[in-house]
Amino acid sequence: MALNLLMLGPPGAGKGTQAERFAQSRGIPKISTGDILREAVQTGTEIGLRAKAIMDRGELVNDEVMIGIVRERLEKKDAANGFVLDGFPRTVAQAAALDGIMAGRDPLIVVDIMVPEEELVRRLSSRMICRSCGHNAPMGHGPVCALCGGELIQRTDDSESVVIDRLKVYHGQSEPLVEYYRVRPTFRAINGAQSPDQVAADLAAAIAAVCAHATRLPGVGTAAPSGVQP
Ligand code: ADP
């Protein structure tokens with residue numbers, strides 16, 4: 001079974017870090033829509049030019065554009081044996097489109113990383129990102145990236161006021177996704193307010209448990225009948 005993993009959780013939950021670790025450990029691509037958009041901004045493509053202002057305000061880029069980006073990316077050969085999606089879907093419309101894109105493929109495994117709000121604000125407003133490779137690091141770890149030696153900068157959307165707006169957007173538009181996926185037998189919630197190593201261990205255990213049960217469960221890969229609890 002291909003490991004088609006989807007990470008849910010508010011900004012700052014650690015999705016990107018965990019997605020990166022997990023994808024590397026399994027040799028599957030990490031597909032981060034935030035990274036794809038930031039790259040488009042840097043290279044100055046049409047999508048990048050339009051997305052920049054929206055991202056700087058902490059708002060969401062148009063569903064149609066995002067669905068197109070992800071559809072194209074998931075059709076690439078390297079995603080055939082599994083992938084980790086980080087940052088998509090962010091709206092119920094994106095989730096419904098993803099179900100269409102995934103028709104006929106192995107089921108999505110959905111993991112929600114939960115972290116209390118105060119911790120999110122603290123993490124985001126003290127987070128740095130490498131200008132060259134996109135690696136995240138907390139402030140106070142020196143001016144250069146531990147991975148590639150690139151310059152560490154603060155993301156323009158990590159200033160405190162934008163962080164608060166991003167959390168509002170999350171609660172309004174993305175949190176309903178937890179209810180959308182919770183009814184599926186392949187959904188698991190994990191505690192993100194722990195050390196990165198502990199979160200990674202919980203994530204691996206949750207995924208192993210889903211895989212062990214997946215073949216025996218009805219309705220895997222599609223929306224479960226309403227009323228079915230995980
Ligand atoms: P976060 O740290 O908030 O998880 P990301 O790096 O995933 O941030 O995304 C940064 C910004 O890119 C978002 O605030 C949003 O403007 C835009 N973005 C990323 N993914 C999506 C998406 N699936 N739909 C709409 N906008 C998106």
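# Close-up views of a predicted model

**View 1. The shell around the ligand mixes three kinds of residue.** The shell divides into 7 nonpolar, 4 polar and 8 charged residues. The model shown here is predicted. In it, 19 residues surround the ligand. The closest are T33, R38, E59, G87 and R166. Which helix gives the largest share of the shell? Helix α2, residues 33-43, supplies 4 residues, and that is the largest share.

**View 2. Polar side-chain atoms of K15, Q94 and R155 lie beside the ligand**. The Q94 side chain places a polar atom 3.0 Å from a ligand nitrogen. For R155, an N or O atom of the side chain is 3.1 Å from a ligand oxygen. K15 has a polar side-chain atom 3.5 Å from an oxygen atom of the ligand. How much of the ligand does the protein bury? Taken alone, the ligand exposes 550 Å², and the protein buries 96% of that.

**View 3. Helix α5 has a buried side.** This helix spans residues 92-101. Its residues Q94, A95, L98 and I101 are buried. They lie on the same side of α5, because they cover an arc of only 110 degrees around the axis. A general rule of helix geometry applies here. An α-helix has 3.6 residues a turn, so residues three or four places apart point the same way. What covers the buried residues of α5? The cover includes three strands: β1 (3-8), β3 (82-86) and β4 (108-114). It also includes the helices α4 (63-74) and α8 (176-182). Q94 appears in two views: it is buried in α5, and its side chain has a polar atom 3.0 Å from a nitrogen of the ligand.

**View 4. Y180 of helix α8 meets residues of helix α5**. Y180 sits in α8. Is Y180 buried or partly exposed? With a relative accessible area of 24%, Y180 counts as partly exposed. Leaving out residues up to four places away in sequence, Y180 touches V92, A95, A96 and D99. The side chains of Y180 and D99 make a polar contact at 2.6 Å. A93 is 87 residues from Y180 in sequence. In space, the two are 11 Å apart, C-alpha to C-alpha.

**View 5. Helix α3 has a buried side and an exposed side**. The helix runs over residues 46-56. G48, A51 and M55 are buried. Why do these three share a side of α3? They cover an arc of only 70 degrees around the axis, which puts them on the same side. E46, L49 and R50 are exposed on the other side of α3. The buried residues of α3 pack against α2. Helix α2 also gives the shell around the ligand its largest share, 4 residues. G58 follows α3, and its phi is positive, near 80 degrees.

**View 6. R127 is a buried arginine in strand β5**. The strand covers residues 127-130. R127 counts as buried because its relative accessibility is 13%, and buried means under 20%. What does the side chain of R127 contact? It makes a polar contact with the side chain of D158, at 2.9 Å. Beyond neighbours within four places in sequence, R127 is in contact with N136, A137, Q154, R155, D158 and R166. Two of these residues return to the ligand. R166 is one of the closest residues to the ligand. R155 has a side-chain N or O atom 3.1 Å from an oxygen of the ligand.

Key:
Residues are numbered from 1 along each chain as its sequence is written. Side-chain values use heavy atoms; hydrogens and water are left out. Buried means under 20% relative accessible area, exposed over 50%, partly exposed in between (1.4 Å probe, protein chains only). The arc is that of the directions from the helix axis to the C-beta atoms. Contact means heavy atoms within 4.5 Å. A residue is near a molecule or strand if one of its heavy atoms lies within 4 Å of it. A polar contact is a pair of N or O atoms within 3.5 Å; within protein, one must be able to donate a hydrogen and the other to accept it, and residues adjacent in sequence count only if both atoms are side-chain atoms. Accessible areas come from the Shrake-Rupley method with a 1.4 Å probe; for residues, only the protein chains shown count as cover. Ala, Val, Leu, Ile, Met, Phe, Trp, Tyr, Cys and Pro count as nonpolar, Asp, Glu, Lys and Arg as charged, and the others, Gly among them, as polar.
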